[in-house]
Amino acid sequence: EAPDQVAEGAEITVKIHVTHRGNSFAHYTNWVKVLVNGNEAALWQYSANNLPENAKFTREIKLIINKSTEIVAESSCNLHGGDKPSKKTITLK
């Protein structure tokens, strides 16, 4: 979740909503990653002893936007891998 357009130099909050049907020591989201213009901007890692708080959870990052920006968010299940990454492009007003 992010705006479509912002003024140059604006600070934005990007929300990453993750939904996973399993959230137990045997079946869980094992990582969530955000790339900004191809560079890793955030990585959250989980394990059987460090689970996400719920099967549905949200993570946030703040960014300063100075040019057209592509954000890619993806996650992976420890048993099944992940779906296609979610992409969002933010343009300048």
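**View 1. Arginine 59, a buried partner in a salt bridge.** Let's start with arginine 59, which counts as buried because its relative accessibility is 15%, below the 20% cut-off for that class. Please keep in mind that this is a predicted model. Arginine 59 forms a salt bridge with glutamate 53. The closest N and O atoms of this pair are 2.7 Å apart. Glutamate 53 has a relative accessible area of 47% and is therefore partly exposed. As background, side chains of opposite charge can pair when their charged atoms come close.

**View 2. Lysine 88 and aspartate 4, a salt bridge between distant parts of the chain.** Searching the whole structure turns up two salt bridges, and here lysine 88 pairs with aspartate 4. Their closest N and O atoms are 2.5 Å apart. Lysine 88 sits in strand S7, while aspartate 4 belongs to the segment before strand S1 (5-6). Along the chain, the two residues are 84 residues apart. Lysine 88, at 26% relative accessibility, is partly exposed, whereas aspartate 4, at 52%, is exposed.

**View 3. The largest pocket and its lining.** This pocket has a volume of about 600 Å³. Its lining is made up of 28 residues, and those closest to the pocket centre are His17, Val18, Ser75, Lys84 and Ser86. Strand S2 (10-19), strand S3 (29-36), strand S6 (69-77) and strand S7 (86-92) each give two or more residues to the lining. If you sort the lining residues by chemistry, you will find nine nonpolar, eleven polar and eight charged.

**View 4. Serine 76, a buried residue in its surroundings.** Take a look at strand S6, where serine 76 is found. With a relative accessible area of 12%, serine 76 is buried. Leaving aside residues up to four places away in sequence, serine 76 touches Tyr28, Thr29, Asn30, Trp31, Gly81 and Gly82.

**View 5. Glutamine 45, an exposed residue in strand S4.** Strand S4 covers residues 39-45 and includes glutamine 45. Glutamine 45 counts as exposed because its relative accessibility is 56%, over the 50% cut-off. Not counting residues up to four places away in sequence, glutamine 45 is in contact with Asn30, Trp31 and Asn50. For a sense of distance, try histidine 27, which is 18 residues from glutamine 45 along the chain. The C-alpha atoms of histidine 27 and glutamine 45 are separated by 14 Å.

Key:
Residues numbered from 1 in each chain as written. Predicted model: local features only at pLDDT ≥ 70, side-chain atom pairs only at ≥ 80, totals over all residues. Heavy atoms only, no water. 1 Å grid on protein atoms, 1.4 Å probe; cavity = no way out; pocket = protein on both sides within 12 Å on 5 of 7 lines; lining within 4 Å. Points joined across faces, edges and corners; volume = space filled by probe spheres on them. Helix = DSSP H or I, 4+ residues; strand = E, 2+ residues; numbered from the N terminus. Nonpolar A, V, L, I, M, F, W, Y, C, P; charged D, E, K, R; others polar. Salt bridge = Lys/Arg side-chain N within 4 Å of Asp/Glu carboxyl O. Buried < 20%, exposed > 50% of the residue type's maximum accessible area, 1.4 Å probe, protein only. Contact = heavy atoms within 4.5 Å.
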